[in-house]
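This report goes through selected local features of one chain, from backbone geometry to surface. The sequence and structure come first.

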Amino acid sequence: MAPTSQIRFIDTALSCTGPFAVSYTDPDQKWLIRKHLISLIQNFPSLTPSVDQFFHDNGSTVNLLNVKGHLQVSRSTPRIPINIWLLENYPFMAPLVFVLSDAASPIHSNHPFVDSSGAATSPYLIFWRHPHSNLSDFVRNLVKLFSHDHPFVYLAAAASRSFTHPDLVSKQEAIDRLVGRLHYDVAAVTAKTTEEIAELAALEGEMEKRVVTATSIVLGLDREKKNLKRRVKEMTDEADMIMNWVGVNDPRNVMAVAAAGEDRTEDAFEAADETAERVVNHLAADKAIEDLMYALDEAVEEGVVTIEAYIKQVRASAREQFFNRAKILPWLH
């Protein structure tokens, strides 16, 4: 039996007129509200009816009946303060329910039925339908939900989050269990997806850096390729000039011309003595080797000569040039 004082308060609130009148105008509606509230406080004595101003999202205010108190879902868990508001269209519209938390009892994150602001929802509220839905059945359903997944953070909270209780046999309880499981599954998938997206974003940034580096290298190699082609062409031209010079100034060719009684062009470049002639010959050989190596560089750049042949010829030429310079050095000093 509900306390007489609380029944009298409900009757007075519903019959009050003037600025303190509640926002329920239909007599049949008021009778249903009275019936639901009396049944609720009979079944849950820890809840007390009250009349307060309710602020809508559009800024308007109305006087509404509401129920305040706490729910004790088990002896080993903290009590849950709640506030249930009966809106203007109740019972044709579901009530608004809030879990009242504080710094000592914060609401745990990702709760399937209570958000961070304390607003509570459940399949029972979502599928609220008059006349099958009422306050007493709703609070019973809420107690059942919170007994399996307590909204507050406390030491044994994780162990209490289970939706496999053997008492879950009714259709409503099966729906609640399914919603709870789906909520945590979605939260886990969302967290993993967010982590993967962050990893992929970091990988994308690294790949963009590598693309910039690779592009820079390719452009540099392209410029180097063009320069090498130009040098090979120049060296090929110079090699042709050297070959022509060698053909004209080869001593064997000169001796053949002399034997034939023709002019000896080398007489114009005759050295003063034997030592000077040796120096001139060695310097000419040194310059010829330098020109040859320059021509080989261009030939490699053009692809005319293979790397293996290039390295072999350069080694031989460098060795010959070294000995030429070693022979010239004493005479130059």
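## Backbone, sheet, rings and helices

Asn110 sits in the loop that runs between β4 and β5. The model is a predicted one. The phi of Asn110 is near 60 degrees, which is a positive value in a residue other than glycine. Most residues other than glycine have a negative phi, and most peptide bonds are trans. Two cis peptide bonds before proline are listed below, with the loops that hold the prolines.

| Cis peptide bond | Omega | Place of the proline |
|---|---|---|
| Tyr90 to Pro91 | about 5 degrees | Pro91, loop between β3 and β4 (96-99) |
| His130 to Pro131 | near 10 degrees | Pro131, loop between α3 (123-126) and α4 (135-148) |

A positive phi also occurs at Gly303, near 85 degrees, and this residue follows α8.

**Sheet.** Strands of a sheet pair through backbone hydrogen bonds, either parallel or antiparallel. Here an open sheet of 5 strands has antiparallel pairing and the order β1-β2-β3-β4-β5. The edges are taken by β1 and β5 (119-120); each has a single partner strand, so one side of each has no neighbour in the sheet. Further in, strand β2 (residues 61-71) pairs with β3 in the antiparallel sense over 6 bridges. Across from Ile82 in β3 stands Gly69.

**Aromatic rings.** A pair of aromatic rings is described by the distance of the centres and the angle of the planes. The whole structure holds 5 aromatic pairs. One of them joins Phe54 and Trp85: the centres are 5.1 Å apart, the planes are at 55 degrees, and the pair is tilted. Phe54 belongs to strand β1 (residues 47-55) and Trp85 to strand β3 (residues 80-85), so the pair links distant parts of the chain, 31 residues apart. Phe54 counts as buried because its relative accessibility is 11%. Trp85 is likewise buried, with a relative accessible area of 9%.

Tyr124 and Trp128 have ring centres 6.0 Å apart and planes at 75 degrees, so this pair is edge-to-face. Both Tyr124 and Trp128 are buried. Together with Tyr90 and Phe138, these two residues form one aromatic cluster. Tyr90 in this cluster is also the residue joined to Pro91 by a cis peptide bond.

**Helices α8 and α9.** Helix α8 (residues 274-302) has 29 residues; at 1.5 Å a residue it should span 42 Å, and its end C-alpha atoms are 42 Å apart, so the two values agree. Which residues of α8 are buried? They are Val279, His282, Asp286, Ile289, Ala295, Leu296, Glu298, Ala299 and Glu301. An α-helix has 3.6 residues a turn, so residues three or four places apart point the same way.

Ile289, one of the buried residues of α8, has its C-alpha atom 8.2 Å from that of Glu320, although the two are 31 residues apart along the chain. Glu320 is placed in helix α9 (residues 307-332). With a relative accessible area of 45%, Glu320 is partly exposed, whereas Ile289 is buried.

**Surface.** Where on the surface is the nonpolar patch made by Leu200, Leu203 and Met207? Met207 is found in helix α6 (residues 171-249). The area of the patch is about 310 Å². Met207 has a relative accessibility of 43% and therefore counts as partly exposed.

Methods. Residues numbered from 1 in each chain as written. Predicted model: local features only at pLDDT ≥ 70, side-chain atom pairs only at ≥ 80, totals over all residues. Heavy atoms only, no water. Patch = residues over 30% accessible without salt bridge, like charges linked within 9 Å, V, L, I, M, F, W, Y side chains within 5 Å. Areas by Shrake-Rupley, 256 points an atom, 1.4 Å probe, with all protein chains shown as cover. Salt bridge = Lys/Arg side-chain N within 4 Å of Asp/Glu carboxyl O. Helix = DSSP H or I, 4+ residues; strand = E, 2+ residues; numbered from the N terminus. Buried < 20%, exposed > 50% of the residue type's maximum accessible area, 1.4 Å probe, protein only. Expected span 1.5 Å × (residues − 1). Phe/Tyr/Trp six-rings, centres within 6.5 Å; stacked < 30°, edge-to-face > 60°. Pairing = 2+ DSSP bridges.
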